[in-house]
Amino acid sequence: MENDKKLVPKPRRSYPAVMHILALGLVTFVNCFGFPVYNWNKEWPLALTALYLFLTPCYAAAAGAFLAKLFPGKGLRYIVILTGALASVGLACRFFLEFGEVSNTYNFTLPNILFHLAVFLGVLLLSWYRAVKQEQAEGSLS
């Protein structure tokens with residue numbers, strides 16, 4: 001029996017702090033550099049619009065799955081508050097990054113902010129919910 005324990009390798013150490021920083025940083029990063037998902041006030045090139053409309057929801061879906069794995073026991077309220085706060089930090093970073101530029105006048109309008117938050121948080125929460133339900137289904141099968 002003692003010899004069997006020597007053959008089984010020890011599990012690798014996980015790095016929860018690094019994973020938390022990466023997942024939470026992804027939410028902040030996407031809201032800083034992926035804003036606005038669609039600009040309702042200024043005409044953008046079609047390629048840029050398509051890129052933002054594709055990548056931002058993809059990153060939101062990935063962030064939702066990450067948050068489901070990082071916070072398995074947390075409820076919807078916790079995730080909404082966390083992502084809302086991080087999205088606000090990302091938008092504030094974007095605002096101060098372009099402070100004094102004319103692009104802030106047509107990017108930071110109420111329709112752009114509300115649409116961006118609705119798309120990002122909506123996709124993130126749907127992805128989080130699906131990942132939580134999938135984890136519960138796999139746990140009940142075991």
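**Exercise 1. Aromatic pairs**

Task: In this predicted model, state how many aromatic pairs a search of the whole structure finds. Then classify the pair Phe 29 and Phe 33 as stacked, tilted or edge-to-face.

Solution.
- Step 1. The search of the whole structure returns ten aromatic pairs.
- Step 2. For Phe 29 and Phe 33, take the geometry. The centres lie 4.9 Å apart, and the planes make an angle of 50°.
- Step 3. Apply the cut-offs. Under 30 degrees is stacked, over 60 is edge-to-face, and the rest is tilted. The Phe 29 and Phe 33 pair is therefore tilted.
- Step 4. Place the pair in the fold. Both residues belong to helix H2 (residues 16-33). They are four residues apart there, so about one helical turn separates them.
- Step 5. Check accessibility. Phe 29 has a relative accessible area of 49% and is partly exposed. Phe 33, at 45%, is partly exposed too.

**Exercise 2. A second pair, with a charge**

Task: Find the class of the pair formed by Phe 71 and Tyr 78. Then say which residue lies over the face of Tyr 78.

Solution.
- Step 1. The ring centres of Phe 71 and Tyr 78 are 5.4 Å apart.
- Step 2. Their planes stand at 65°, so this pair is edge-to-face.
- Step 3. Compare the partners. Phe 71 is buried, with 10% relative accessible area. Tyr 78 is partly exposed, at 35%.
- Step 4. Lys 74 lies over the face of Tyr 78, 4.8 Å from the ring centre.
- Step 5. Tyr 106 offers another case. The charged end of Lys 42 sits over its ring, 5.0 Å from the centre.

**Exercise 3. An aromatic cluster and a cis bond**

Task: Name the members of the aromatic cluster that holds Phe 35. Then decide whether the peptide bond from Phe 35 to Pro 36 is cis or trans.

Solution.
- Step 1. The cluster consists of Phe 35, Phe 95, Phe 96, Phe 99 and Phe 108.
- Step 2. Omega for the bond from Phe 35 to Pro 36 is near -15°, and the bond is cis.
- Step 3. Set this against the general pattern. Most peptide bonds are trans.
- Step 4. Locate the proline. Pro 36 sits in the loop between H2 and H3.

**Exercise 4. Cysteines without a bond**

Task: Explain why Cys 93 is not bonded to its closest cysteine sulfur.

Solution.
- Step 1. Find the closest cysteine sulfur to that of Cys 93. It belongs to Cys 32, at 5.3 Å.
- Step 2. A disulfide needs sulfur atoms within 2.5 Å. The gap between Cys 93 and Cys 32 is therefore too far for a bond.
- Step 3. Widen the view. The structure holds zero disulfides.
- Step 4. Add accessibility. Cys 93 is partly exposed, at 38%. Cys 58 is also partly exposed, at 36%.

**Exercise 5. The nonpolar core**

Task: State which residues touch the most other members of the largest nonpolar core. Then say which element gives the largest share of this core.

Solution.
- Step 1. The core has 19 residues. Those touching the most other members are Val 27, Leu 67, Phe 71, Ile 79, Phe 120, Leu 124 and Trp 128.
- Step 2. Two or more residues each come from H2, helix H3 (46-70), H4 and helix H6 (110-141).
- Step 3. H6 supplies the largest share, six residues.
- Step 4. Look closer at Phe 120. Beyond residues up to four places away in sequence, Phe 120 touches Val 27, Val 30, Asn 31, Thr 56 and Ala 60.

**Exercise 6. Two residues of H4**

Task: Decide whether Thr 83 is buried or exposed. Do the same for Ser 88, allowing for partly exposed.

Solution.
- Step 1. Thr 83 lies in helix H4. Ser 88 is in that helix too, which spans residues 76-97.
- Step 2. Buried means under 20% relative accessible area. Thr 83 has 1%, so it is buried.
- Step 3. Ser 88 has 45% and is partly exposed.
- Step 4. The side chain of Thr 83 reaches the backbone oxygen of Val 80 at 3.3 Å.
- Step 5. Outside its neighbours within four places in sequence, Thr 83 contacts Val 27, Leu 67, Leu 121 and Leu 124.
- Step 6. Ser 88 and Leu 117 are 29 residues apart in sequence, with 9.2 Å from C-alpha to C-alpha.

**Exercise 7. The whole fold**

Task: State how many helices and strands make up the secondary structure, and what percentage of the residues count as buried.

Solution.
- Step 1. There are six helices and zero strands. The order from the N terminus is α-α-α-α-α-α.
- Step 2. Of 142 residues, 34% count as buried.
- Step 3. Take the contacts with a separation of 6 or more. Residues 24 or more positions apart account for 78% of them.

How values were computed. Residues numbered from 1 in each chain as written. Predicted model: local features only at pLDDT ≥ 70, side-chain atom pairs only at ≥ 80, totals over all residues. Heavy atoms only, no water. Buried < 20%, exposed > 50% of the residue type's maximum accessible area, 1.4 Å probe, protein only. Phe/Tyr/Trp six-rings, centres within 6.5 Å; stacked < 30°, edge-to-face > 60°. Lys NZ or Arg CZ within 6 Å of the ring centre and 35° of its normal. Core = buried A, V, L, I, M, F, W, Y, C linked by side-chain atoms within 4.5 Å. Contact = heavy atoms within 4.5 Å. Polar contact = N/O pair within 3.5 Å; in protein donor to acceptor, adjacent residues only side chain to side chain.
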